[in-house]
Amino acid sequence: MVCDEPTCGPSAPRNFRWVGEVVESTLPPQTEVRLISPENGALVGPAPSFRWSPVEAGGTSLVTYRLEVYADGSLIAEFEPLSGAEYDLPPAQALMPGRVYFWRIIANMAASSKPASEFRSFRVAGATAEAP
């Protein structure tokens, strides 16, 4: 990545270094968070289970995750720190039937890097929808 002043001159973030006219990351290679379920557009029950692929952070297991759930363009719930690659929404926090929600996962690395997944949507089965 070619650095242009002032975004990464002497005040470049700690996890980057100058290599001639190029800035390189000093963080270990990382994989992306890949969402597994619910699939995009899925019809789910009011307390869905969320699953994603774990991130490998250069051999370290110091990765936690944050699950974010959105409705009507606003963040309505977040769950963190999650140590595994799955989370079952507790029945006490059930989502409203008939609504469309969006979710994503953010991986929190020991080195403070935070790769985020794409967003996916799902709809909670309601009175007029079939049960999942």
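Start by selecting V69 and A77: the bridge partner of V69 in β7 is A77. Strands here are DSSP runs of E with at least two residues, numbered from the N terminus, and two strands pair if DSSP finds at least two bridges between them. Before going on, a word on what is loaded: this is a predicted model, where local features need pLDDT of at least 70, side-chain atom pairs count only at pLDDT 80 or more, and totals for chains, interfaces and linings use all residues. Residues are numbered from 1 along each chain as its sequence is written, and side-chain values use heavy atoms, with hydrogens and water left out.

**Along the hairpin**

Stay in β7 and pick L75, which is the bridge partner of Y70. Now show all of β7 (residues 74-82) with β6: the two run antiparallel, with 6 bridges. At the turn, 2 residues sit between the strands, and D72 has a positive phi near 50°.

**β6 and its other side**

Select residues 63-71. Of the 9 residues in β6, 8 are buried, so the strand is largely enclosed by the rest of the structure. Buried means under 20% relative accessible area, exposed over 50%, and partly exposed in between (1.4 Å probe, protein chains only). Next add β9 (residues 100-109), which pairs with β6 in the antiparallel sense over 8 bridges. To find your place, click V63 and look across to M109 in β9.

**The whole sheet**

Colour the strands in the order β4-β10-β9-β6-β7: these 5 make an open sheet with mixed pairing. β4 (42-44) and β7 are at the edges with a single partner strand each, so one side of each has no neighbour in the sheet. On average, neighbouring strands are turned by 30° against each other, direction ignored; the axes behind that angle are lines fitted to C-alpha atoms.

**Rings**

Now show the aromatic side chains: there are 6 aromatic pairs in the structure. Rings of Phe, Tyr and Trp (its six-membered ring) pair if their centres lie within 6.5 Å; planes under 30 degrees apart are stacked, over 60 edge-to-face, and the rest tilted. Zoom to Y101 and F122: their ring centres are 5.7 Å apart and the planes at 20°, so this pair is stacked. Y101 is in β9 and F122 in β10 (residues 120-124), 21 residues apart, and both are buried. Add F50 and W103 to see the cluster that ring pairs form with Y101 and F122.

**Last stop: confidence**

Colour by pLDDT, the predictor's confidence in each residue from 0 to 100. The chain averages 77, and 65% of the residues score at least 70. Residues 1-20 stay under 50, as do residues 22-30.

Conventions: Helices (H or I, at least four residues) and strands (E, at least two) are DSSP runs, numbered from the N terminus. Contact means heavy atoms within 4.5 Å. Axes are lines fitted to C-alpha atoms, for helices over the stretch in contact, and angles run from 0 to 180 degrees between N-to-C directions.
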